[in-house]
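Biologist: Please take a close look at one part of this model for me. I would like a single connected account rather than a list.

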Amino acid sequence: MTQISDKDVRKLATLACLQIENSQLASLKSDLSNILSYVEKLSQLDTNGVEPTYQVTELRNVSRADEVQDTTVTRDDLLKLAPTVEGNSIRIPKVL
Amino acid sequence: MTSRILSYLNRSAKENVQQAILKAKQAESYHALLSLTEERALEQATKVDAGEITGRLAGVPFVAKDNILTFGGKTTAASKMLEDFTSPLQATVIEKLEAEGAICIGKANLDAFAHGGSTENSAFGPTKNAKDPMRVAGGSSGGSAVAVALDIVPFALGTDTGGSIRQPASFNGVVGFKPTYGMVSRYGVVAMGSSTDVIGPITNSIADSELVLEVIQGADPKDMTTLPSYFKPISSAKPGKIGLIKEHMSDNIDPSVLAQTRIAVEQLEKAGYSVEEVSLPMIEHALAMYYIIVPAEVSSNLARYDGVRYGHRSDNAQDLAALYGMTRSEGFEDENKRRIMIGAYVLSSGFFDAYYLQAQKARTLLIDQFRTVFEKYDALIGPVSPTPAFRLNENTKDPIKMYLTDTLTVPANLVGCPAISIPFGSTPEGLPIGVQLMTWREQDAKLLALARELEGKA
């Protein structure tokens with residue numbers, strides 16, 4: 001049975017860039033503990049010497065010529081999606 | 001079942017579109033669609049009617065799950081994060097369908113970012129079941145399944161990361177096809193679990209699924225995970241050997257679902273197939289693997305939603321760190337946050353080997369077991385979902401209970417093989433039940449031919 005603490009939830013939220021309110025802590029703690037307790041039964045499985053599978057296509061190193069591809073999407077199209085723009089730059093609040 | 005798509009061909013595309021939009025408006029209370037793309041649809045219809053666009057789907061209206069990028073309106077992934085997002089490009093599947101004359105008339109509801117099995121995690125409210133509006137549509141492609149079941153359109157596109165096409169198809173009495181991983185380009189789909197995500201059709205008949213697949217399949221230079229094109233429909237299957245998955249016929253499955261699956265087995269035997277029970281012990285571990293691997297991929301894929309380049313941005317942040325934290329907290333639903341945090345946990349140093357690496361090794365063992373079984377059997381059969389459609393709000397308080405509804409569908413995603421949900425009768429109360437068939441990778445054509453043996457035979 002995996003038990004997650006308040007501190008663990010806060011650490012995970014920081015890792016995931018999520019701001020968590022104090023009122024959400026209790027339910028997150030119990031949900032995450034329950035989910036991890038369910039999936040941890042996999043630890044009983046003997047996987048000694050087994051290679052992991054990260055993808056199932058059996059394709060390897062698919063590459064293409066290093067040439068600019070035609071695209072219908074322009075810089076202006078992409079800048080239009082940004083919440084605030086100044087000239088050709090995306091504006092954000094101060095970093096530090 | 002006769003094709004619904006064929007009945008739309010050789011008619012006025014404009015009338016087809018207008019009729020579909022009218023039906024969509026009449027069925028608004030089901031909340032299957034998040035938006036209509038009426039203006040662009042009518043423009044496309046004019047081109048089809050003028051003969052500027054011809055093809056196998058000329059003038060046929062459809063809807064796309066709203067995590068697939070389209071022109072003509074927003075693509076929201078049913079999230080507050082992308083509530084106002086208008087895509088500057090279209091998914092490859094949409095480009096291919098439009099090139100054959102098909103016309104997208106709207107975007108279908110889903111669980112936000114496709115995280116869920118009931119469409120109740122949509123930021124804009126749930127979709128209601130087509131047969132019983134007090135029950136869930138299933139999910140995450142709930143809107144797509146209901147739009148087809150209500151005959152608003154003859155086909156819809158869904159995505160399936162752990163059962164999200166097949167389970168809602170079974171809940172609403174329609175056909176749902178999950179192709180082999182890599183058969184259909186994923187370019188332009190909002191990424192969830194990149195090692196299992198696929199796009200596939202939801203239709204009223206197997207013939208229609210085959211037709212849509214023929215159009216959308218094939219290698220795509222914009223998606224390096226697509227396989228070389230291989231799909232070629234076959235007219236009929238040669239009666240062979242089929243395995244009934246022992247672990248999927250347990251007491252945990254609803255009795256009427258078990259009964260319908262057994263009737264399907266009898267129908268296959270009548271058609272000359274030999275069916276025997278087969279055990280795949282690793283399948284019991286598939287759900288635990290899935291809820292490690294997919295959250296890990298989710299946490300990586302959803303890192304891009306930071307409020308900087310597109311999507312929602314919090315108005316209240318004074319510095320960049322707060323901008324990230326507040327934007328993501330406001331833009332994601334609770335289930336998105338749970339999956340992101342579980343993903344962060346299983347990938348974090350100290351836990352990586354015990355969870356993520358262990359799950360990927362277990363995945364190898366699961367695949368090996370399927371490979372061995374498919375050397376002996378042409379296909380596997382079992383139920384799609386442990387229960388028929390459950391009541392709205394029945395499972396929302398307990399994430400594990402919701403996850404367990406994916407038990408029978410996740411193995412095909414982890415293995416990468418194709419799987420189909422075929423409507424096969426109903427419960428005594430009239431709720432639809434689906435039966436699932438699977439074949440080995442790249443045998444999608446054979447799977448469709450086999451599925452025809454069960455169509456209309458419940």
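How many residues of chain A are in contact with how many residues of chain B? Please go on from there to the details of that interface.

Modeller: The model is a predicted one. In it, 51 residues of chain A are in contact with 67 residues of chain B. Between them the two chains bury about 5000 Å², and 71% of that area is on carbon and sulfur atoms.

The polar part of the interface can be counted as well. There are 16 residue pairs in polar contact between chain A and chain B, counting pairs with both residues at pLDDT 80 or more. On the side of chain A that touches chain B, three elements give two or more residues: helix H1 (6–15), helix H2 (22–39) and helix H3 (75–81) of chain A. H2(A) has the largest share of that side, with nine residues. By residue type, the side of chain A that touches chain B divides into 32 nonpolar, nine polar and 10 charged residues.

Three salt bridges are found across the interface of chain A and chain B. One of the salt bridges joins the side chains of A:Glu58 and B:Arg441, with an N to O distance of 3.0 Å.

A single residue on the chain B side shows a further polar link. B:Thr364 sits in helix H11 of chain B, which covers residues 353–376. Its side chain reaches the backbone oxygen of A:Glu51 at 2.5 Å. Apart from neighbours within four places in sequence, B:Thr364 is in contact with A:Val50, A:Glu51, A:Pro52 and A:Thr53. B:Thr364 counts as buried because its relative accessible area is 13%, under the cut-off of 20%.

Back on chain A, H1(A) is one of the elements that give two or more residues to the side touching chain B. Its buried residues are A:Val9, A:Leu12 and A:Ala13. These three lie on the same side of H1(A), because they cover an arc of only 100 degrees around the axis. The buried residues of H1(A) pack against H2 of chain A together with helix H10 (334–347) of chain B. On the other side of H1(A), the exposed residues are A:Lys7, A:Lys11, A:Thr14 and A:Leu15. Just after H1(A) comes A:Cys17, which takes a positive phi of about 55 degrees.

For a view within chain B, two loop residues can be set beside this. B:Thr119 lies in the loop between strand E3 (103–108) and helix H4 (142–149) of chain B. With a relative accessibility of 0%, B:Thr119 counts as buried. The side chain of B:Thr119 reaches the backbone nitrogen of B:Gly142 at 3.3 Å. Leaving aside neighbours within four places in sequence, the residues in contact with B:Thr119 include B:Asn109, B:Asp111, B:Pro126, B:Ser140 and B:Gly142. B:Asn109 is 10 residues from B:Thr119 along the chain, and their C-alpha atoms are separated by 7.2 Å.

The other loop residue is B:Gly272, found between helix H7 (255–270) and strand E8 (274–278) of chain B. B:Gly272 has a relative accessibility of 47% and so counts as partly exposed. The C-alpha atoms of B:Gly272 and B:Gly240 are separated by 7.7 Å, while the two residues are 32 apart along the chain.

Definitions and conventions: Residues are numbered from 1 along each chain as its sequence is written. Chains are lettered from A and ligands numbered from 1 in the order in which they are written. This is a predicted model: local features need pLDDT of at least 70, side-chain atom pairs count only at pLDDT 80 or more; totals for chains, interfaces and linings use all residues. Side-chain values use heavy atoms; hydrogens and water are left out. Helices (H or I, at least four residues) and strands (E, at least two) are DSSP runs, numbered from the N terminus. Buried means under 20% relative accessible area, exposed over 50%, partly exposed in between (1.4 Å probe, protein chains only). A polar contact is a pair of N or O atoms within 3.5 Å; within protein, one must be able to donate a hydrogen and the other to accept it, and residues adjacent in sequence count only if both atoms are side-chain atoms. Contact means heavy atoms within 4.5 Å. Buried area is the accessible area (1.4 Å probe) that two parts lose on being put together, summed over both. A salt bridge is a side-chain nitrogen of Lys or Arg within 4 Å of a carboxyl oxygen of Asp or Glu. Ala, Val, Leu, Ile, Met, Phe, Trp, Tyr, Cys and Pro count as nonpolar, Asp, Glu, Lys and Arg as charged, and the others, Gly among them, as polar. The arc is that of the directions from the helix axis to the C-beta atoms.
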